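Me: Please take a close look at one strand in this structure. Which strands pair with it, and what can be said about the parts around the chain?

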Amino acid sequence: MNNSTENIREKSISLPITAAALRLAQKFSILDGVTSPEKKEQVYFNTLAVCAVKDYMEMMDIPTDLNASDSWNAAMRLYTDAADLKLTQVGHLECRPLKSGKFCYIPLEIPDDRIGLVAVEIDIKRQEATLLGFIKTAIAGDLAVEKLQSFDNFLQHLDCLERTKKTVQLRQWLHNIFEAGWQSVEDILVPQEPHLAFRYSSAVVRGKIINLTADISEKASATIDYFQEKPNLWRGVKEPARSVALLLAIEPKTDTETNIKVQVHPAGGADSLPLNLTLKVIDGEGKTVMEACAGSGNGYMTLEFAADRGECFSVVVKLKELCITENFAA
């Protein structure tokens, strides 16, 4: 749903245009061999927009690299409509100036790898730059202000992008590309367990072993030793796991949606999960959306859901002080 122009402006962020930014904008528009008034104005306002976004990033302790930005390259400024800022950890962000009115112009030559676009309203008379809002992808032409996402979602977008850099890209699994540590079920669970509840007809399944903390293992070992010394008591008692296998099965449902099943199984030949072992699914906003907790003698736990293409989520396996998080993009 698009925001109203009034709502966008209410949540915008206004910053002063610094004297240093004004000097840079003037310098770039003169020294780049710019001859036409139109090109000079373009470089001038692009530079002010980039400087305003950089100032905001510094306020938020988000590292940037101006020298790696196209807008800081003399040739790129001269021959293209460059107005980007390189964010060190996630990539190039477009910073498009909006002098007035309800539209932000997006040039055709913006590269496809941009991580998003921020619209910056420049008021020279008041020496003020207003970060109006952002969009995740940009289409060339005039972008209406009401189509921007409010700026209060921008940091969440960057956080998701940063996690994606350290994220398991599940769609690559469909092309038999797997990150290190993710193995076939046969490699990590031997013998094969009859209750592996992956019913998808064409699912890709991968797993990873998670070792539990030493103190948990010691307690489990002591319990097992106690029962083994007393054969009559041992009958019917399941051995709790000292390590567990985290399994994921994925199957595309449509071009934009994927079925995902997450399971945790005891590993190392154990019969049951440790008591109170917790399995969670956390969405891209950091909210727990699904959760399961192992009871006495549980052989495995399952969570199942559907995710949109590119959607970020995390799976958490927790037992007392141990907390393992794996990040994924559908």
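Reply: Start with strand β12, residues 257-266. Of its 10 residues, 9 are buried, so the rest of the structure largely encloses this strand. Keep in mind that this is a predicted model.

What pairs with β12? Take β11 to begin with. The two strands run antiparallel and are joined by 9 bridges. They also form a hairpin, with 4 residues between them. Look for E251: across from it, in β12, stands N259.

Now turn to strand β15, residues 301-308. It runs antiparallel to β12, and 8 bridges join the two. N259 is worth finding again. Opposite N259 in β15 is A306. So N259 gives you a landmark for both pairings: it faces E251 of the hairpin, and it faces A306 too.

Stay with β11 for a moment. This strand covers residues 243-252, and V244 is one of them. Is V244 buried or exposed? Its relative accessibility is 1%, and buried means under 20%, so V244 counts as buried. V244 and V317 are 73 residues apart along the chain. Their C-alpha atoms are separated by 9.4 Å.

V317 leads us on to another sheet. V317 falls within strand β16, residues 312-319. An open sheet of 5 strands runs in the order β9-β17-β16-β13-β14, and its pairing is mixed. Its edge strands are β9 (168-169) and β14 (288-293), each of which pairs on one side only.

Look at β13 inside that sheet. It covers residues 278-283 and runs antiparallel to β16, with 6 bridges between them. One example to find is T278, whose bridge partner in β16 is K318. On another pairing, 5 bridges join β13 to β14, again antiparallel. Here V281 has M290 of β14 as its bridge partner. β13 and β14 make a hairpin with 4 residues between them. In its turn, G286 has a positive phi of about 85°.

Follow the chain past β16. K320 sits in the loop between β16 and β17 (322-329). Its phi is near 55°, which is positive although K320 is not a glycine. K320 has a relative accessible area of 47%, so it is partly exposed.

Q127 makes a good companion. You will find Q127 in the loop between β5 and β6 (128-135). Phi of Q127 is near 50°, again positive in a residue other than glycine. With a relative accessible area of 42%, Q127 is partly exposed.

Just before β5 (117-123) there is a loop that starts from β4 (103-106), and D113 lies in it. D113 has 54% relative accessibility, so it counts as exposed. Its C-alpha is 9.2 Å from that of L93, though the two are 20 residues apart along the chain.

Now the helices. α2 spans residues 19-31, which makes 13 residues. At 1.5 Å a residue it should span 18 Å, and its end C-alpha atoms are 18 Å apart, so the two agree. Which residues of α2 are buried? They are A21, L22, A25, F28 and S29. Seen down the axis, these buried residues fall within an arc of 135°, so they line one face of α2. An α-helix has 3.6 residues a turn, so residues three or four places apart point the same way. The face turned away from the buried side carries the exposed residues R23 and L31.

α3 has 23 residues. From first C-alpha to last it reaches 33 Å, close to the 33 Å expected. Just after α3, D61 takes a positive phi of about 60°.

Finish with a gap inside. The structure holds 1 cavity of 30 Å³ or more. About 50 Å³ of space lies in the largest cavity. Two elements give two or more residues to its lining: β1 (13-16) and α3 (37-59). α3 gives the most, with 4 residues. A21, one of the buried residues of α2, is among the lining residues, along with others including L15, C51 and D55. By type, the lining divides into 8 nonpolar, 1 polar and 1 charged.

Conventions: Residues are numbered from 1 along each chain as its sequence is written. This is a predicted model: local features need pLDDT of at least 70, side-chain atom pairs count only at pLDDT 80 or more; totals for chains, interfaces and linings use all residues. Side-chain values use heavy atoms; hydrogens and water are left out. Two strands pair if DSSP finds at least two bridges between them. On a 1 Å grid over the protein atoms alone, a cavity is a set of points where a 1.4 Å probe fits but cannot get out, and a pocket is an open set with protein on both sides within 12 Å along at least five of seven lines; lining residues have an atom within 4 Å of a point. Grid points are joined across faces, edges and corners, and a volume is the space filled by probe spheres set on the points. Ala, Val, Leu, Ile, Met, Phe, Trp, Tyr, Cys and Pro count as nonpolar, Asp, Glu, Lys and Arg as charged, and the others, Gly among them, as polar. The expected span of a helix is 1.5 Å times one less than its number of residues. Buried means under 20% relative accessible area, exposed over 50%, partly exposed in between (1.4 Å probe, protein chains only). The arc is that of the directions from the helix axis to the C-beta atoms.
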